[in-house]
Amino acid sequence: MATNIGMMDSAYFVGRNEILTWINNRLQLNLSRVEEAASGAVQCQMMDMTYPGVVPMHKVNFDAKSEYDMIQNYKVLQEVFNKLKIDKHIEVNRLVKGRPLDNLEFLQWLKRYCDSVNGGIMNENYNPVERRCKGVKDRNPKGSQKNPRSLQTNNMHNHGSGDTVGLNKASGFRQGKTYAAPVANSSGEVQALSQEITDLKFSVDLLEKERDFYFAKLRDIEILCQTPDLENLPMSVAVKKILYAADAKESALADAQEYLSQFTTSTEADAEAEIEADA
């Protein structure tokens, strides 16, 4: 099982579009951003689909908005992990902040795990909409809870109005007023710019993560080359020439290779002289 996978595993190179498609297709939702899954409800239902009946869906709040409510969802998820002996620590404090990168990484891991169970084959008898409605109805038997906007209504986005009414009645939700979506050009531009900003922030997070990864590698190499027993070896000196090169425009590889070449020539000459002396 994919309970412990390194950060350079192929699972963490799955794009957000693929993750969102995976979630929306399996759970019949209409998420457009990975941070919309920050409440933990999506993760709970993915585990419910993978292991039917293991997740107490009546405890999962699909309308969680506050960090407190989100944390309750993650507590349910952690209990499921413990029950299934899944060795995965959930960074709850980071996930509930809604940062795209943190949520993407967790969803990447979740996809890898779910795909590792039964080859990722979906349970054809699992009805995600019914399970969500049943969970909400069991949690609020009097139907006093408003229809969750972030997740619960998304799965009805592409359905006809008749189906929507039927599902709302079945789950005990009240029918609210319908508001027309804004059609002004300025509103569309604002949404487009907001999405662009989100994408840019996401790209910056990825670049910072990649930078930190390779910096850590270089730092490990530097520490190794500074080890007293190794720091004066020709290879260590050559590597440090590259690490400490001040000119970013020119590669220091040529200087390092020249140094090694001189050392090799000098060593060969000393060996030949020693052989002649012995003769």
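1. Let's start with Gln28, which sits in the loop between α1 and α2. In this predicted model, the phi of Gln28 is near 55°, a positive value in a residue other than glycine. That is worth a glance, because most residues other than glycine have a negative phi. Gln28 is partly exposed, at a relative accessible area of 35%. Gln28 is also one of the residues in contact with Ile23, once the sequence neighbours of Ile23 within four places are set aside.

2. A second residue of this kind is Lys85, again not a glycine, with a positive phi of about 60°. You will find Lys85 in the loop between α3 and α4. Its relative accessibility is 73%, over the 50% cut-off, so Lys85 counts as exposed.

3. Now for the overall picture. The chain has 10 helices and 0 strands, so reading from the N terminus you meet α elements throughout, α-α-α-α-α-α-α-α-α-α. Of the 279 residues in the chain, 36% are buried. If you take contacts between residues at least 6 apart in sequence, 65% of them join residues at least 24 apart.

4. How do α1 and α2 cross? Helix α1 covers residues 16–27 and helix α2 covers residues 41–50; their axes come within 11 Å and cross at roughly 60°. The two helices are therefore oblique to each other, and their crossing is left-handed. On the α1 side the meeting residues are Trp22, Ile23, Arg26 and Leu27, and on the α2 side they are Val42, Gln45, Met46 and Met49. By class, this contact has 6 nonpolar residues, 1 polar and 1 charged.

5. The pair α2 and α5 is arranged as follows: the axes come within 11 Å and cross at roughly 5°. With an angle under 35 degrees, α2 and α5 are therefore roughly parallel to each other. From α2, the contact uses Gln43, Met46, Met47 and Thr50, while α5 brings Phe106, Leu107, Leu110, Tyr113 and Cys114. Those residues divide into 7 nonpolar and 2 polar, with no charged residue.

6. The third pairing is α1 with α5, whose axes come within 10 Å and cross at roughly 55°. This makes α1 and α5 oblique to each other, and the crossing is left-handed. The α1 residues here are Arg16, Glu18, Ile19, Trp22, Ile23 and Arg26, and their partners in α5 are Leu104, Leu107, Gln108, Leu110, Lys111, Cys114 and Asp115. This contact counts 7 nonpolar, 1 polar and 5 charged residues.

7. Is α2 mostly covered or mostly open? α2 is mostly covered, with 10 of its 10 residues buried. The buried residues of α2 include nonpolar side chains such as Val42, Met46, Met47 and Met49, and also Gln43, Gln45, Asp48 and Thr50. Asp48 is thus a charged residue that is buried in this helix.

8. Which residues touch the most other members of the largest nonpolar core? Ile23 and Met47 do so, in a core of 45 residues. At least two residues of this core come from each of α1, α2, α3 (67–83), α4 (92–95) and α5 (100–116). The most is given by α5, with 7 residues. For a closer look at Ile23, leave aside its neighbours within four places in sequence: its contacts are then Gln28, Leu29, Leu31, Val42, Met46 and Leu107.

9. Please also look at Asp102, which has its place in helix α5. Its relative accessibility is 8%, below the 20% cut-off, so Asp102 counts as buried. Outside its neighbours within four places in sequence, Asp102 is in contact with Arg94 and Leu95.

10. Last, a point on Glu91, placed in the loop between α3 and α4. Glu91 counts as partly exposed, with 40% relative accessibility. How far apart are Glu91 and Asn103 in sequence and in space? They are 12 residues apart in sequence and 9.6 Å apart in space, C-alpha to C-alpha.

Notes
Residues numbered from 1 in each chain as written. Predicted model: local features only at pLDDT ≥ 70, side-chain atom pairs only at ≥ 80, totals over all residues. Heavy atoms only, no water. Axes fitted to C-alpha atoms, helices over the stretch in contact; angles between N-to-C directions. Helix = DSSP H or I, 4+ residues; strand = E, 2+ residues; numbered from the N terminus. Parallel < 35°, antiparallel > 145°, perpendicular 65-115°, else oblique. Left-handed = near helix turned anticlockwise from the far one by under 90°. Contact = heavy atoms within 4.5 Å. Core = buried A, V, L, I, M, F, W, Y, C linked by side-chain atoms within 4.5 Å. Buried < 20%, exposed > 50% of the residue type's maximum accessible area, 1.4 Å probe, protein only.
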